[in-house]
Amino acid sequence: MARWTHEQIQDVVQEVYEYVLQEGLDPLETVFEIVDYETMNELAAYGGFPKRYPHWSFGMEYEYIRQSYRYGLHRIYEMVVNNDPAYAYLLESNTLVDQKMVIAHVFAHSDFFKNNTWFSKTNRKMIDTMANHEATIQTYIERYGPEEVESFLDICLSLEDLIDFHSLFIPRKSRQKPEEVQPRPTPVKLKVPRPYLDPYINPPEFIEAQKQQHEKKRQTPPPFPIAPEKDVLLFLIEHAPLENWQKVILSIIRDESYYFAPQRATKIMNEGWATFWHSRIMTRYLLKDPEVIEYADKHSGVLAAPPHRLNPYKLGYELWKDIEERWNKGRFGPEWEACDDMRVKAQWDRKLGLGLQKIFEVRRFANDLTFIDQFLTEEFCARHKLFVYQYNRETGYYEIKDRDYQKVKQQLLLQLTNFGKPIIYVQDGNYKNRGELYLKHKHEGVDLDIPYAKETLKNIYALWKRPVHLETVIQNRRRVLTYDGGSHLEVQMA
Amino acid sequence: MALQIERDYQRFREIVKGKIRENLRKYMSHGEILVPRGRGVVSIPLPRIEIPHFRFDTRKMGGVGQGEGDIGTPIGVGEVEGGAAAGDQPGEHLLEVELTFEELVQMLAEELELPRIVPKGKEDIYVEKERYTGIARTGPESLRHFKRTYKEALKRQLIAGLYDFENPVVVPIREDRRYRSWKVRLVPIAKAVILYMMDVSGSMGPEQKEIVRLESFWIDLWIRHHYKRTETCYIVHDAAAKEVDRETFFRLREGGGTRISSAYKLGWEIIQERFPPDEWNIYVFQFSDGDNWDGGDTETCIKLLREHYLPNVNLFCYGQVKSAYGSGDFIYHLERHLGRAENLILSRINSKEEIYDSIKAFLGKGK
């Protein structure tokens, strides 16, 4: 039985909302629903949406969530969907203290969705859109059969990461192909004051050379795409020989991928932000004396940090607190940086009180990558005992490798760049003038998982229907992996 | 809230079962993969079924963690079963897929193309079965039928004009109480006994016994599926035979010679005494390395088989497990003298990998 009534929850929502506004948060309108744990697990499997297109991978996700719930590894207290209005689900079995904490947490997420720049281009009617996607794919299933659609979805999902997160913010002119036929340019001549000087100022050999150059240029086709294209999905939608329904499905996958991208790009910040605010609102306003111990227990559960897993809630929360403190006390700027007396530093307090202002500013413009890059300090690393771990081939264990601040930061940034996924470009869509697809992996220090790459190439081939190449680096050597529809090839580059 | 996770979940289960079926041969030769969990359920650890992506080599990627420890302190195991499927994080756990015995049997049947067993007709044997179908006015409180009780109370209150529509409260009294009750029905049953015999003389090592243990798991599963009631019986022998429990059966190791006939004799005694062939479907599975005492014992065995076993049992299966010792002659003698008997099945099991084929041979006749 619930230990609270729905009226009580409504009251808490109202109350928290007032504190939230008072503290300067600015959430989307947020609708709360209370659900049992089975519904919560189902919703979680669908990424929070009541309707998604049919695919077995959601069923698998559900099984994972259910099992980890059953083994007590994991419990979902709440979930918020970035939509306008935002939808928040609260778990029925939460205690009243849980609900208070979670409601504050939810409002902070909702604020983050509304105000962080990286979310500014997201579809705020995504719940409807997802339902439309479901309906569309359902009609294709009826028309083309479930196996056909499922195996096509398998292929699309295999490529869903191949988008360009930044492209939403780059205004582009039309993506039309360049004109095939260009007017023949006339050779450039220097201005001649007297006609008789012309053969001297513009020697005929020079004019002839220019003409030849133009002619040669005209005969070699322009590169395709004009510049390397990071939105591989869009490139495939526009140029792969697909049927119309296949293009629609691929576009659906791409849309959803773009929708989820900001959440992946701000996971640490967003979870930290919500934790920071639930902590602040609970301890300042909501907590009654008898609830303190239970709250402390739950809050520390949120921040639990097993050594081998970086808890984004914990890291984000601690960083926000650190920023707030530093800007309150004036622990930034050249003077602070220059100071190397630890005693002075420990006492440092300029009483600037800029903490809240600063975190609101950071909340608007940063994503995880810039957040870590700007605010993860050496002191912070030491205080929270961060380390880099690495797989040790000899022992078969992951082991602590380094506690150096620069290394930790570098590793984190590596993991956060492009959501920790390799960056792949379309380099040439008409490779060797044979309609083959040439992709290039921008290698940044870590090799690709080759068996996975080969399987993925197969899937790209299934769309492109011509040989597909991927240039990458394997153990410091440039290689090209090729799949030609029958077999894989690996060639070392000169 | 109506969600369609059931649809996607069922599809996922189908895919998983396909994976398990693909690997059934592997599961059959590595028993430890199947973990019995509760009644009639096994759980199979399965690496996450993955849609391939471009991703980094996790071994080379490394990561950031937090906490105490010197450089070199291990924080998590790198290998997971199957090797290829190391997850994003060290120590990511595998998906455990639960299958009921029923589903497992289904797969076994499909994969090995096993025909259904048709029990010998024993329609005249009945068993009393209790089913909770009735309602009674008396009974233990634990069986009280709430809905019916309240229905009675409502009826009574309506009839007596006590029901207040403004304040609809129904209070049952003693006479309103209703209880679930059972009826006894006679249900025809088919009974089966599985008789396992194993040579435990010195030449049968742990590896041979492991093969027997795995085979018996699948044999039990299959036969139990077809009968309402199944008994098992375990006989071990070296030069002499004795009946033991299941535990002992797989653990025991004796020295001494081998006299297979001793087990046959004891087995026949047990059948006559406890499992008369006109009431029971009888399955005998004998395992040995085929090295019998050659003082004429094999002849005795053949005689026992021909006169007693083969006319009376559904199946007599002999599995000859390869061992480093012994001639392995026994199977030749059986083949030569009894080879054409319809309910005698002989199988050579040279390694764990051959368990699959051996089971297929044993159970493939639908007896």
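This report walks through a predicted model of two chains, starting where they meet and then turning to the sheets of chain A.

A few ground rules come first. Residues count from 1 along each chain as its sequence is written, and chains are lettered from A in the order in which they are written. Because the model is predicted, local features need pLDDT of at least 70 and side-chain atom pairs count only at pLDDT 80 or more, while totals for chains, interfaces and linings use all residues; side-chain values use heavy atoms, with hydrogens and water left out.

**Where the chains meet**

Let's look at the interface. Chain A brings 86 residues to the contact and chain B brings 51 residues, with contact meaning heavy atoms within 4.5 Å. About 6,400 Å² is buried between chain A and chain B, and carbon and sulfur atoms give 59% of that. Buried area here is the accessible area (1.4 Å probe) that two parts lose on being put together, summed over both. On the chain A side, A:Y64, A:Y398 and A:Y452 supply 14% of what chain A buries against chain B, more than any other three residues.

Charges and polar atoms join in too. The rule finds five salt bridges across the interface of chain A and chain B, a salt bridge being a side-chain nitrogen of Lys or Arg within 4 Å of a carboxyl oxygen of Asp or Glu. One pair in a salt bridge is A:D449 with B:R55, at 3.1 Å from N to O. Helix α3 (residues 56-70) of chain A gives the largest share of the side of chain A that touches chain B, with twelve residues. Helices (H or I, at least four residues) and strands (E, at least two) are DSSP runs, numbered from the N terminus.

The two chains also share strand pairing: strand β4 (residues 386-392) of chain A and strand β3 (residues 63-66) of chain B run antiparallel over four bridges. Two strands pair if DSSP finds at least two bridges between them. Within this pairing, A:Y389 has B:G63 as its bridge partner.

**Two sheets in chain A**

Here they are together.

| Sheet (chain A) | Pairing | Average turn between neighbouring strands |
|---|---|---|
| β6-β7-β8-β9-β10 | mixed | 25° |
| β1-β3-β2 | mixed | 20° |

Angles run from 0 to 180 degrees between N-to-C directions, with axes being lines fitted to C-alpha atoms, for helices over the stretch in contact. For the 25° figure, direction is ignored.

The five-strand sheet is open, and its edge strands are β6 (423-431) and β10 (488-492) of chain A. Strand β9 (residues 477-483) of chain A is joined to β10(A) by five bridges, antiparallel, and A:Y483 stands opposite A:H488. Helix α20 (residues 450-464) of chain A packs on this sheet and touches β6, β7, β8, β9 and β10 of chain A, at about 160° to β8(A).

In the three-strand sheet, β1 and β2 (78-81) of chain A are at the edges with a single partner strand each, so one side of each has no neighbour in the sheet. Four bridges join β2(A) to β3 (residues 86-91) of chain A in the antiparallel sense, with A:V81 and A:Y87 as bridge partners. Helix α2 (residues 37-45) of chain A packs on this sheet, touching β1, β2 and β3 of chain A.

**A tie across the sequence**

Over all chains, the structure holds 58 salt bridges. One of them joins A:D26 and A:K114, whose closest N and O atoms are 2.9 Å apart. A:D26 sits in the loop between α1 (6-22) and β1 (30-35) of chain A and A:K114 in helix α4 (residues 96-115) of chain A, so the pair ties together parts 88 residues apart in sequence.
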